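Trainee: I'm new to this one and would love a guided tour. Please take me through it one question at a time.

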Amino acid sequence: MPIPIETFFLDPKFEGTLQQKIQRMISEGVLSGRFIQGAKLPSSRKLAVHLGISRITVTLAYSELVSDDYLIAKGRSGYYVSPTAPQRSRFEAPKGVFTDCVDWGKAIGQRFSDQVLPEKPIDWRSYPYPFIYGQADDRIFDHSNWRQCALQALGKREFSTVTADSFERDDPELVKYIALNTLPRRGIQAKPEQILITMGAQNALWLCAQVLLNQRRTAAMENPGYSGLRVALNLARCTVASVPVDDCGMVLDALPVETDVVFTTPSHHCPTNVTMPLERRRALLELASRHDFIIVEDDYEFEMSFLNPPEPALKSLDEEGRVIYVGSFSKSLFPGLRLGYVVGSEVFIREARALRAAILRHPPGHLQRTAANFLSLGHYDALVARMGQIYRKRREIMQEAIEQCGLESGGMNVSGGSSFWLKTPDGVDARDLAFALKNRGVLIEPGHVFFERPEDGARYFRIAYSSIESAKISAGIKIIGETLRTFGGR
């Protein structure tokens, strides 16, 4: 019995190629029971005309569906739903109406949803002027070589490595590259036993907090500072000391004497982008030695120090093993990758590895090996060099536009990065500004989420140039200036 051609239509919301859309349309029809076993499909020519697409696209989709046993080909007769096609288990729908009778206010032992974190619209790409931080620019990324590296990772030679349950171990090729290439660029020497792969820098910071802190210990972090770190410290239930930041980074004189662990972002302070000079880095290490505390260095975006030569990492200056180093590939590759690493004493790494194993075993093997291939074949270095050139140009354009519009900077002593930290005039809340700008197609990030007391950051906001093309920057900044003037700002 032929399937009526009117039942075939492509899902406009499905993000995939035309061939993938056809495969999904037919496989869903089979799995849902709409296309029964033995039913005949329209010919590739008829379906192509009906859908308004190329016949070869339909033919390729049919071929893939045959290989997956959704369809069978019967010579010149055409394509039919396979008699052994995959089927979903079906259960009788429950009768009656059920309500949730649980008192979740009592049942939930700990709450996590009230943490203050930046909000980024899912559809940010649809806005004309997305000054959104930390998102990938698909105009820059090397899609072709990443795809080849992913296919290589799934080849027969590497298949057993990437598909096995590695327990608590990491991909040796990725660890090797980090040890021999990434860390030496920051002046750091480390053995494989001192390196742990994590699900991004956020996961690394959480592991550090869980291993190093408890209810009786004190952690110091920058204020303003990375909001994700504040969440991780709150989950560790330690005492959190918020330390102010000046034009040289964390103010060391404000560190409490009872501090056990200091978390800092010396290369590019989050969110102001301020770079901590060498003198203060040495002073922080001396203070750590004198008062016997640990330092966790979040060295995110170190690759983006394109305005001035990068300062040496704290870890490279450490002679006592007090610094735990956190790095990530999520900023330089793409945030959805979720691959980072932490470097420290073997004793610390052993504990962090055991905790990671208890929570998630290890990051996905395929992702680790794909990244290792991309790095070792030189694609990563080429990508970073290209990003540096593009970001430098975008930064120059944005700097000029900011000055022309008279916007006030909120940070100095910057060596690169991918964003600007700005300040509104007196009486203008950045959250109100963000709301007004969103209606004009401009996305900015209000800065209150980075402060211990959100009200202290009401006048600050961040705009990034990593996700917006150069040609749109000036027009977007002009809209920010115009909107500020409607609030009574200059």
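Trainee: How many aromatic pairs does a search of the whole structure find?
Mentor: First, this is a predicted model, where local features need pLDDT of at least 70, side-chain atom pairs count only at pLDDT 80 or more, and totals for chains, interfaces and linings use all residues. Residues are numbered from 1 along each chain as its sequence is written, and side-chain values use heavy atoms, with hydrogens and water left out. Rings of Phe, Tyr and Trp (its six-membered ring) pair if their centres lie within 6.5 Å; planes under 30 degrees apart are stacked, over 60 edge-to-face and the rest tilted. Searching the whole structure on that basis, the number of aromatic pairs comes to 16.

Trainee: Let's look at one of them. What kind of aromatic pair do Tyr-391 and Tyr-465 form?
Mentor: The two ring centres are 5.9 Å apart. The angle between the planes is 85°, and the cut-off for this kind is over 60. Tyr-391 and Tyr-465 are therefore classed as edge-to-face.

Trainee: How many residues apart are Tyr-391 and Tyr-465 in the chain?
Mentor: Tyr-391 is in helix α14 (residues 379–405), while Tyr-465 is in the loop between β16 and α16 (470–486). Those labels come from DSSP runs numbered from the N terminus, with helices (H or I) of at least four residues and strands (E) of at least two. The pair links distant parts of the chain, and the separation is 74 residues.

Trainee: Is Tyr-391 buried or exposed, and what about Tyr-465?
Mentor: The test is relative accessible area, found with a 1.4 Å probe on protein chains only: under 20% is buried, over 50% exposed, and in between partly exposed. Both partners fall in one class here: Tyr-391 and Tyr-465 are each buried.

Trainee: Which residues form one aromatic cluster with Phe-141?
Mentor: The cluster has Phe-141 as one of its members. Its other members are a tryptophan and two more phenylalanines. They are Trp-146, Phe-334 and Phe-374.

Trainee: Rings can also have a charge over them. Over which ring does the charged end of Arg-395 sit?
Mentor: This label needs NZ of Lys or CZ of Arg within 6 Å of the ring centre and within 35 degrees of the ring normal. Arg-34 gives one case, with its charged end over the ring of Phe-35, 5.0 Å from the centre. For Arg-395 the distance to the ring centre is 4.2 Å, and the ring belongs to Phe-420.

Trainee: Why does Arg-462 count as buried?
Mentor: Arg-462 lies in strand β16 (residues 460–464). Leaving aside neighbours within four places in sequence, its contacts (heavy atoms within 4.5 Å) include Phe-131, Tyr-133, Trp-421 and Phe-450. Arg-462 counts as buried because its relative accessibility is 4%.

Trainee: Pro-271 is also on that contact list. Which residue comes before Pro-271 at its cis peptide bond?
Mentor: Pro-271 sits in the loop between β8 and α10 (278–291). The bond leading into Pro-271 is cis, with omega near 10°. The residue before it is Cys-270.

Trainee: And what is omega for the cis bond from Asn-223 to Pro-224?
Mentor: Pro-224 is found in the loop between β5 and α9. The peptide bond from Asn-223 is cis, with omega near 5°.

Trainee: Back in the loop between β8 and α10, what is phi of Asn-273?
Mentor: Asn-273 is found in that loop and counts as buried because its relative accessibility is 2%. Its phi is positive in a residue other than glycine, with a value near 75°.

Trainee: How exposed is Arg-237?
Mentor: Arg-237 is in the loop between α9 and β6 (239–246). Its phi is positive too, near 60°, and it is a residue other than glycine. Because its relative accessibility is 46%, Arg-237 counts as partly exposed.

Trainee: To step back, what share of the protein chain's residues count as buried?
Mentor: The chain has 16 helices and 16 strands, and its C-alpha trace spans about 85 × 55 × 55 Å along the principal axes. It has 490 residues, and the buried share is 49%.

Trainee: Last one: what percentage of contacts with a separation of 6 or more joins residues 24 or more positions apart?
Mentor: The pool is the contacts in the protein chain with a separation of 6 or more. Residues 24 or more positions apart account for 73%.
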